[in-house]
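Before reading on, please look through the sequence and turn the model around once. The questions below are meant for someone meeting it for the first time.

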Amino acid sequence: MSLSDTAGGWGIDALVAELRDLRVKSLEHRQRREHPPKLPSRRILGPIVDNLGAVLFPNRLGQEDLNDEGIDYFVGQTLDSLLRQLHRQVALELRFVAEQNGTSTEVKHQAAEITREFAKQLPKIRLLIDSDIQAAFEGDPAARSSDEVLVCYPGITAAIHHRVAHELYRLGAPLVARVIAELAHSATGIDIHPGAQIADSFFIDHGTGVVIGETAVIGSRVRVYQAVTLGAKRFEKDDNGMLVKGNARHPIVEDDVVIYAGATILGRITIGKGSIIGGNVWLTHSVPPGSHVSQGQNRTEVFATGGGV
């Protein structure tokens, strides 16, 4: 019995054949006919990050019935499971990269080292997230408690994902890190590249539409509002017309800076310590510490009667 016979006459057999032909042609074009790529999975990495949140904050993000005696057991069991899963996802990335480069595909040991080093960073990640939560609580008069901030604020969801993703990016799993970052992007509308370096006490208020590029560097106690962009001014190309990858092209934001809604800051410029960047500002040059940058004042021009414009 064909698939078409069991699926309401949708022509499934023909569609399967056509999609197979397209798939094979794509693999042959990329010279991957015999080795179809197996990549890290969003479906698997999503629960891994959720469980990491439960490990870091078991009383608030873990199981409802946890008590003092059971927390350590829960944390240990959850960590063991999620680190095993993370190791497999990192190994998939390393194997994919090795095959792309035509090198050895024995990657289990390297994946284990990356996962082990990542696990060692979890206490540091917890401290950074604690500082982000406190910054949000202190920075938003609508926040009634740090618990509310943790479970409700999209900026904290994005921060948790970024703190996890950045460590994996730094340790040599940039594709796994990028998938984790995009999970947060999809959930919150906040787009932070895992390569961005962000110090402690970072607060994104509201958050929708925030974009932070790969080489951005953000200091301590920085506050950012919705629709802020820390982006590149231009994309350099090499002699062959290909985009240059990895060059520093995003802003440096020093400590204690506030950037209000809709501001666009482009290029490898520096926003000096303690500066305030007003809403909807377009900025492509560095400003010294303590600067206040805002849009120009509105101008009203009165024309003589009958003068026209």
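What follows is a set of questions and answers on helices, salt bridges, a nonpolar core, sheets and an aromatic pair.

This is a predicted model, in which local features need pLDDT of at least 70 and side-chain atom pairs count only at pLDDT 80 or more, while totals for chains, interfaces and linings use all residues. Residues are numbered from 1 along each chain as its sequence is written, and side-chain values use heavy atoms, with hydrogens and water left out.

Q: How far apart are the end C-alpha atoms of helix 5?
A: Helices (H or I, at least four residues) and strands (E, at least two) are DSSP runs, numbered from the N terminus. Helix 5 covers residues 68-101, which is 34 residues, and the expected span of a helix is 1.5 Å times one less than its number of residues. For helix 5 that gives 50 Å, and the model agrees, since the distance between its end C-alpha atoms is 49 Å.

Q: Which backbone nitrogen does a side-chain oxygen of Asn-67 reach at the start of helix 5?
A: A polar contact is a pair of N or O atoms within 3.5 Å; within protein, one must be able to donate a hydrogen and the other to accept it, and residues adjacent in sequence count only if both atoms are side-chain atoms. At the start of helix 5, the side-chain oxygen of Asn-67 comes to within 2.8 Å of the backbone nitrogen of Gly-70.

Q: With which residue does Arg-84 form a salt bridge?
A: A salt bridge is a side-chain nitrogen of Lys or Arg within 4 Å of a carboxyl oxygen of Asp or Glu, and by this rule the count comes to 12 salt bridges. The partner of Arg-84 also lies in helix 5, 4 residues away, about one turn of the helix. The closest N and O atoms are 3.1 Å apart, and the partner is Asp-80.

Q: Is Lys-120, which forms a salt bridge with Glu-117, buried or exposed?
A: Glu-117 and Lys-120 are 3 residues apart in helix 6 (residues 108-120), which means about one helical turn, and their closest N and O atoms are 3.2 Å apart. Buried means under 20% relative accessible area, exposed over 50%, and partly exposed in between (1.4 Å probe, protein chains only). Glu-117, at 28%, is partly exposed, whereas Lys-120, at 54% relative accessibility, counts as exposed.

Q: What is the N to O distance in the salt bridge of Arg-126 and Asp-130?
A: Arg-126 and Asp-130 are 4 residues apart in helix 7 (residues 122-139), about one helical turn. Arg-126 is partly exposed at 27% relative accessibility, and Asp-130 is partly exposed at 26%. Their side chains meet in a salt bridge with an N to O distance of 2.9 Å.

Q: Which helix supplies the largest share of the largest nonpolar core?
A: A nonpolar core is a set of buried Ala, Val, Leu, Ile, Met, Phe, Trp, Tyr and Cys residues joined through side-chain atoms within 4.5 Å. The largest one has 44 residues, of which Leu-86, Phe-118 and Leu-168 touch the most other members. Several helices each supply at least two residues of this core, among them helix 3 (42-56) and helix 9 (154-171). The largest share, 10 residues, comes from helix 5.

Q: Which residue of strand 4 is the bridge partner of Ile-192?
A: Two strands pair if DSSP finds at least two bridges between them. An open sheet of 5 strands has the order 1-4-7-10-13, with parallel pairing, and its edge strands, each pairing on one side only, are strand 1 (191-192) and strand 13 (282-283). Strand 1 is joined to strand 4 (residues 211-212) by 2 bridges, and the partner of Ile-192 there is Ile-212.

Q: Which residue of strand 6 is the bridge partner of Ile-204?
A: Another open sheet has 5 strands in the order 3-6-9-12-14, and the pairing is parallel. Its edge strands are strand 3 (203-204) and strand 14 (292-293), each pairing on one side only. Strand 3 pairs with strand 6 over 2 bridges, and in strand 6 the bridge partner of Ile-204 is Val-224.

Q: How many residues apart in sequence are the parts that the pair of Tyr-225 and Tyr-260 ties together?
A: Rings of Phe, Tyr and Trp (its six-membered ring) pair if their centres lie within 6.5 Å; planes under 30 degrees apart count as stacked, over 60 as edge-to-face and the rest as tilted. A search of the whole structure finds 1 aromatic pair, in which Tyr-225 and Tyr-260 are stacked, 5.0 Å centre to centre with 15° between the planes. Tyr-225 lies in the loop between strand 6 (223-224) and strand 7 (229-231) and Tyr-260 in the loop between strand 9 (258-259) and strand 10 (264-266), so the separation of the parts in sequence is 35 residues.
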